[in-house]
Amino acid sequence: MTRTGNTQGGPVTLSKDGLPGWLDPVVRAVETVEPLQLSRFLPPADGKGRQSAVLVLFGEGERGPELLLMERASSLRSHAGQPSFPGGALDPADGDPMGDGPLRAALREAEEETGLDPSGVQLFGVLPKLYIPVSGFVVTPVLGWWREPTPVGVVDPNETAAVFTVPVADLTDPANRATAVHPRGHRGPAFLVESALVWGFTAGIIDRLLHFSGWERPWDREKQVPLDWRA
């Protein structure tokens, strides 16, 4: 079992011991997926980009498996108002960006943004680093199992507007799936859940995890949701 109570300088490791059986397909997907199977936007070869991490946290709720998401405050300069995974840029105290720095950063940011207790989270996998061109972030998605759930909510309204969980059953429901279309022509997966539209980087990660875990159900890819210019 992984204990991660001290996210600043303490040991943070990955462990697959004791995970629930329904996570097995996710574990296999994380172990086998290639970077270009996740996104065509990969980190610049010259090493540029701001190192960051997000926590893709699976829990088990009243309706089965679920994911923890948050809505970013509308006043933020980057990705304002968007539902997202908890996460953010690495701090120097997080450690080596090529080592366990992203693990520590994902837990630290999740604690700062949602108030969760990192000691109840078991990290079990890391996806390849991806790139968000519009913001210049190099993002490491860190996957965790919420072994011991704790209360979560908005910690700082200046950063977070809402914190919520979404059942995986809602994410796989074809009625909740669509293609988001940006005015500039960009297209990508979207999910209409919890009165929120999940799109962009976060929706892309969810879409690929559902696909490579074998959880994806056929859905109408011609169903479109327009985004406005502020998106």
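**Entry 1: helix H5**

A helix here is a DSSP run of H or I with at least four residues, and helices are numbered from the N terminus. I note at the outset that the model I am reading is a predicted one.

With that definition in hand, I looked up helix H5, which covers residues 200-212. How far apart should the ends of its 13 residues be, at 1.5 Å a residue? The expected span is 18 Å, and because the end C-alpha atoms are 18 Å apart, I can write that the model agrees with the expectation. After H5 comes Gly 214, and I noted that its phi is positive, near 80 degrees.

I then asked which residues of H5 are buried. They are Thr 202, Ala 203, Ile 205, Ile 206, Asp 207, Arg 208, Leu 209 and Leu 210, where buried means under 20% relative accessible area.

**Entry 2: the cavity beside H5**

Next I searched for enclosed space, and I found that the structure holds one cavity of 30 Å³ or more. The volume of the largest cavity is about 40 Å³. Which residues line the largest cavity? I listed Phe 58, Leu 67, Ile 206, Leu 209, Leu 210, Ser 213 and Trp 215. H5 gives the largest share of this lining, with three residues.

**Entry 3: aromatic rings**

Phe 58 and Trp 215 are in the cavity lining, and I met both names again when I turned to the rings, where ring pairs link Trp 22, Phe 58, Trp 145 and Trp 215 into a cluster. With ring centres required to lie within 6.5 Å, the count comes to four aromatic pairs. One of them joins Trp 22 and Trp 145, whose ring centres are 5.7 Å apart and whose planes stand at 80 degrees, an edge-to-face pair. I checked where the two partners sit in the chain: Trp 22 is in the segment before helix H1 (24-32), Trp 145 is in strand S7 (residues 137-146), and the pair links distant parts of the chain, 123 residues apart. Is Trp 145 buried or exposed? Its relative accessible area is 9%, so Trp 145 counts as buried.

**Entry 4: the salt bridges around Asp 94**

Side chains of opposite charge can pair when their charged atoms come close, and I counted 11 salt bridges in the structure.

I began with Asp 94, which I found in the loop between strand S4 (87-89) and helix H3 (101-114). Asp 94 is buried, with a relative accessible area of 0%. Its side chain has a polar atom that lies 2.7 Å from the backbone nitrogen of Asp 91. Asp 94 also forms a salt bridge with Arg 108, in which the closest N and O atoms are 2.8 Å apart. Because Asp 94 lies in the loop and Arg 108 in helix H3, this pair ties together parts that are 14 residues apart in sequence.

Arg 108 is itself buried, with a relative accessible area of 5%. I then followed Arg 108 to a salt bridge with Glu 112, at 3.4 Å from N to O. Both residues of this second pair lie in helix H3, four residues apart, which is about one turn of the helix. Glu 112 is partly exposed, at 40% relative accessibility. How many residues does the network hold, and which ones? I read five names in the network of salt bridges: Asp 91, Asp 94, Arg 108, Glu 109 and Glu 112.

**Entry 5: Asp 170 and Arg 63**

I looked up another salt bridge, between Asp 170 and Arg 63, whose side chains meet at 2.8 Å from N to O. Asp 170 is in helix H4 (residues 168-172) and Arg 63 is in the loop between strand S1 (50-61) and strand S2 (64-72), so the pair ties together parts that are 107 residues apart in sequence. The partners are not alike in exposure: Asp 170 is buried, with a relative accessible area of 14%, whereas Arg 63, at 51% relative accessibility, counts as exposed.

**Entry 6: two distances to finish**

Finally I looked up two C-alpha distances that involve residues of H5. Val 139 lies in strand S7 and is buried, at 4% relative accessibility. From Val 139 to Thr 202 the C-alpha distance is 11 Å, although the two are 63 residues apart in sequence. Gly 61 lies in strand S1 and is partly exposed, with a relative accessible area of 24%. Between Gly 61 and Asp 207, which are 146 residues apart in sequence, the C-alpha distance is 21 Å.

How values were computed
Residues are numbered from 1 along each chain as its sequence is written. This is a predicted model: local features need pLDDT of at least 70, side-chain atom pairs count only at pLDDT 80 or more; totals for chains, interfaces and linings use all residues. Side-chain values use heavy atoms; hydrogens and water are left out. Rings of Phe, Tyr and Trp (its six-membered ring) pair if their centres lie within 6.5 Å; planes under 30 degrees apart count as stacked, over 60 as edge-to-face and the rest as tilted. Helices (H or I, at least four residues) and strands (E, at least two) are DSSP runs, numbered from the N terminus. Buried means under 20% relative accessible area, exposed over 50%, partly exposed in between (1.4 Å probe, protein chains only). A polar contact is a pair of N or O atoms within 3.5 Å; within protein, one must be able to donate a hydrogen and the other to accept it, and residues adjacent in sequence count only if both atoms are side-chain atoms. The expected span of a helix is 1.5 Å times one less than its number of residues. A salt bridge is a side-chain nitrogen of Lys or Arg within 4 Å of a carboxyl oxygen of Asp or Glu. On a 1 Å grid over the protein atoms alone, a cavity is a set of points where a 1.4 Å probe fits but cannot get out, and a pocket is an open set with protein on both sides within 12 Å along at least five of seven lines; lining residues have an atom within 4 Å of a point. Grid points are joined across faces, edges and corners, and a volume is the space filled by probe spheres set on the points.
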